Amino acid sequence: MTATTTATTVAPDRRRALAGRILAKKAVLPWLFLAPGLLLALVFKFVPMGKGIWLSFFDVRPFLGDQWVGLDNYTRVLTDHRFQDAVGHTLLLGIGQSLGAIVVGFILALLLEGQARSLKIIRTAVFLPVVTATAVVGELWRLMYYPTSDGLVNSALGVLGLGPTPFLDNPDTALWATTVMGIWMAAPYNMVIILAGLAGVDRTLYEAAAMDGVSLWQRLRYVTLPAIRPALGIVLTLAAIRGLRVFTEVYVLTGGGPAGSTEVWMTRAYTLGFTRNDIGGASAASVVLLAVTLLLTVSVNHFRQRGDKR
Amino acid sequence: MSAPALDPVRAPSDQVTATPSKRSGRPARTTPARFDTALGWNDRPGVSWALRILLCAIALGIFAAPFLTIVSGALSTHPSGSSLSFLPHDSTLLNFRVAGERGIWDYFTNSLVIAGGGLLLQLAVCVLAAYALARHRFRGQALIMTLFMLTMMLPEEVIAIPLSLVLGHVPVVGIDLKGTVWGVILPLGAWGFSVMLLTEFMKDIPKEIEEAARLDGVGELRMLWQIVLPLCKPALGVAGVLGFIMIWDQYLLPLIAAKDPTDYTVTVALSILRTDPEVGSGVVLAGAVIALVPSLVVYLLLQRSLVTGIAAGATKG
């Protein structure tokens with residue numbers, strides 16, 4: 001946060017000194033240092049973004065020349081049933097995954113809070129899903145969800161007396177199965193952030209609360225939760241943004257199937273662009289996603305600045 | 001950002017909440033007090049103690065045990081591999097040999113080149129940019145910072161289709177990067193997160209050190225290399241480990257930057273193994289183990305940096 005505040009609140013006298021320095025030869029130096037980063041960001045981030053926005057207004061035809069079609073791609077994509085379904089799945093997956101990962105992360109943090117060495121080792125082990133590449137996690141869960149009774153999850157369910165479920169092959173359960181995997185991947189990440197929040201809770205408040213004879217639940221509700229609320233808010237919104245552009249998990253685990261039941265925004269755009277060669281439609285879909293992401297990000301920043309002022 | 005030297009979990013607490021922790025002033029304790037944790041866990045044998053051990057075992061079973069099944073499945077001779085267990089049936093390295101015959105080590109080499117080269121480029125680019133942003137004043141500074149922050153909001157997923165066109169024909173120079181490692185490495189060069197992290201850290205370096213060096217006639221590059229960088233080691237550790245894990249996790253970018261499957265990274269190549277009808281899931285798991293090991297090694301060696309970085313990243317950017 002200091003980055004933005006120092007840059008905008010330069011005192012007037014310092015601004016004059018700054019103007020003087022720009023005239024000096026040294027003014028070129030920072031730009032030399034910035035050049036590689038700016039160049040790479042320009043060519044591989046901003047040019048593609050501009051190109052994506054530009055192409056979304058065209059019927060892209062290789063070798064024939066592109067044809068301006070205005071908002072046709074947008075109306076076509078947004079009225080397409082499969083795309084609407086994909087948006088719905090994205091929202092379900094994103095919201096379910098974010099909320100689930102927060103709740104599980106919070107429970108994990110409460111469980112594993114403490115300074116003991118054994119707790120640190122357990123934390124290290126529980127954190128493994130976060131550092132593992134998404135594609136590897138996807139392969140792992142494909143095998144854990146193995147549809148017969150000797151699959152890992154199904155054999156665990158068998159112990160509880162529940163029959164084997166073909167999680168990924170059934171359109172009714174595939175999206176939920178994907179959500180569970182997403183929670184598994186993200187919960188330990190949230191755990192670390194919530195643990196950092198928990199560590200900052202004033203211990204004397206706990207003691208005072210105990211003196212007043214409050215229950216454990218009340219202590220959590222009125223002391224712990226308010227103290228870590230800023231951390232929770234940020235985690236939730238960042239998770240929502242990540243949820244919007246979910247791709248790898250779904251692509252590796254189900255490929256959007258069965259029967260399109262796990263098709264999300266990005267897998268749909270990918271199919272449109274790379275297998276159906278509808279570059280214009282895929283670009284329009286990406287631009288809509290980009291707009292929503294930017295909107296969410298701006299709200300996060302607003303949210304965060306308000307939090308900082310407190 | 002002076003956190004990394006402290007305890008990873010404790011360190012960023014001051015950024016999360018305004019109330020300072022009262023614990024730092026206390027002398028070292030041998031027996032934790034009742035109010036050390038939100039739930040008031042007790043270390044003495046008893047009901048709460050037993051409950052905690054049970055719950056910890058469940059957490060380990062859910063989050064860590066599946067990794068044992070990967071390893072045991074990869075070492076099993078069981079042909080279908082559908083029955084995963086925590087111990088291999090008959091230990092064998094056959095799965096790894098078959099995976100090797102399917103070119104897994106070539107994919108692994110691709111991954112290593114991309115992760116190594118990509119990380120070096122990313123660190124170099126981000127250190128240079130952060131140095132300019134932290135130690136210099138110039139017109140348009142806030143705008144440049146915003147641009148780097150924007151790169152974080154433009155993930156490969158969202159710009160995948162136009163990025164694939166750009167990789168096939170880079171503007172102005174017109175080179176085709178597809179099928180080369182550069183197609184994956186270059187787009188990862190400017191990473192807003194590292195730029196922000198390093199900028200924040202470099203800002204905390206006292207002006208006096210820099211001024212003293214300037215009096216000795218130290219130039220800009222030597223200043224960066226010999227004075228600023230050694231002082232930034234903790235932040236470099238965070239940027240390095242997070243950067244490595246981020247690059248190793250890439251999926252869509254290696255997919256669209258490849259000309260044919262031989263250009264894939266090991267994580268993307270797992271799907272080739274899976275769709276190969278001649279190999280069982282034991283071979284896929286062998287591939288998964290191979291894809292898992294580098295990120296695991298980096299994590300175990302540098303987990304302190306990683307955890308600090310995540311906690312700082314969540315509260316800062």
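I take helix axes as lines fitted to C-alpha atoms over the stretch in contact, with angles running from 0 to 180 degrees between N-to-C directions. The model I am reading is a predicted one.

**Entry 1: α6(A) against α2(B)**

I looked up how helix α6 of chain A, residues 117–126, lies against helix α2 of chain B, residues 47–63, and found that their axes come within 9 Å and cross at roughly 25 degrees. Since angles under 35 degrees count as roughly parallel, I therefore note α6(A) as roughly parallel to α2(B). The crossing of these two helices, α6(A) and α2(B), is left-handed.

I then listed the residues that meet: from α6(A) they are L119(A), I122(A), A125(A) and V126(A), and from α2(B) they are R52(B), C56(B), A59(B), L60(B) and F63(B). Sorted by class, this contact of α6(A) with α2(B) holds eight nonpolar residues and one charged residue, with no polar ones.

**Entry 2: α8(A) against α14(B)**

Next I turned to another pair across the two chains, helix α8 of chain A (residues 134–144) and helix α14 of chain B (residues 266–275), which pack at about 30 degrees with their axes 8 Å apart. By the cut-off of 35 degrees, α8(A) and α14(B) are therefore also entered as roughly parallel to each other.

On the α8(A) side I recorded A135(A), V136(A), E139(A) and R142(A), and on the α14(B) side T267(B), L270(B), S271(B) and R274(B). The residues of this contact between α8(A) and α14(B) divide into three nonpolar, two polar and three charged. Two of the residues listed here, E139(A) and R274(B), also meet through their side chains in a salt bridge, at 2.8 Å from N to O.

**Entry 3: the interface in total**

For the contact between the chains I noted 111 residues from chain B and 107 residues from chain A. The area buried between chain B and chain A is about 10,100 Å², and carbon and sulfur atoms give 74% of that area. Between chain B and chain A I have a count of three salt bridges.

**Entry 4: α5(B) against α9(B)**

Within chain B, I checked helix α5 (residues 104–135) against helix α9 (residues 192–203), whose axes come within 8 Å and cross at roughly 45 degrees. That angle makes α5(B) oblique to α9(B), and the crossing of α5(B) with α9(B) is right-handed.

The α5(B) residues making the contact include C126(B), V127(B), A130(B) and L133(B), while those of α9(B) include V195(B), L198(B) and M202(B). By class, the contact of α5(B) with α9(B) comes to ten nonpolar, two polar and two charged residues.

**Entry 5: a salt bridge within chain A**

Over all chains the count comes to twelve salt bridges. I looked up the one joining the side chains of E263(A) and R82(A), which is 3.2 Å from N to O. The pair links distant parts of the chain, 181 residues apart, with E263(A) in the loop between α13 (248–253) and α14 (265–275) of chain A, and R82(A) in helix α5 (residues 81–112) of chain A.

Definitions and conventions. Residues numbered from 1 in each chain as written. Chains lettered and ligands numbered in written order. Predicted model: local features only at pLDDT ≥ 70, side-chain atom pairs only at ≥ 80, totals over all residues. Heavy atoms only, no water. Helix = DSSP H or I, 4+ residues; strand = E, 2+ residues; numbered from the N terminus. Parallel < 35°, antiparallel > 145°, perpendicular 65-115°, else oblique. Left-handed = near helix turned anticlockwise from the far one by under 90°. Contact = heavy atoms within 4.5 Å. Nonpolar A, V, L, I, M, F, W, Y, C, P; charged D, E, K, R; others polar. Buried area = accessible area lost by both parts, 1.4 Å probe. Salt bridge = Lys/Arg side-chain N within 4 Å of Asp/Glu carboxyl O.
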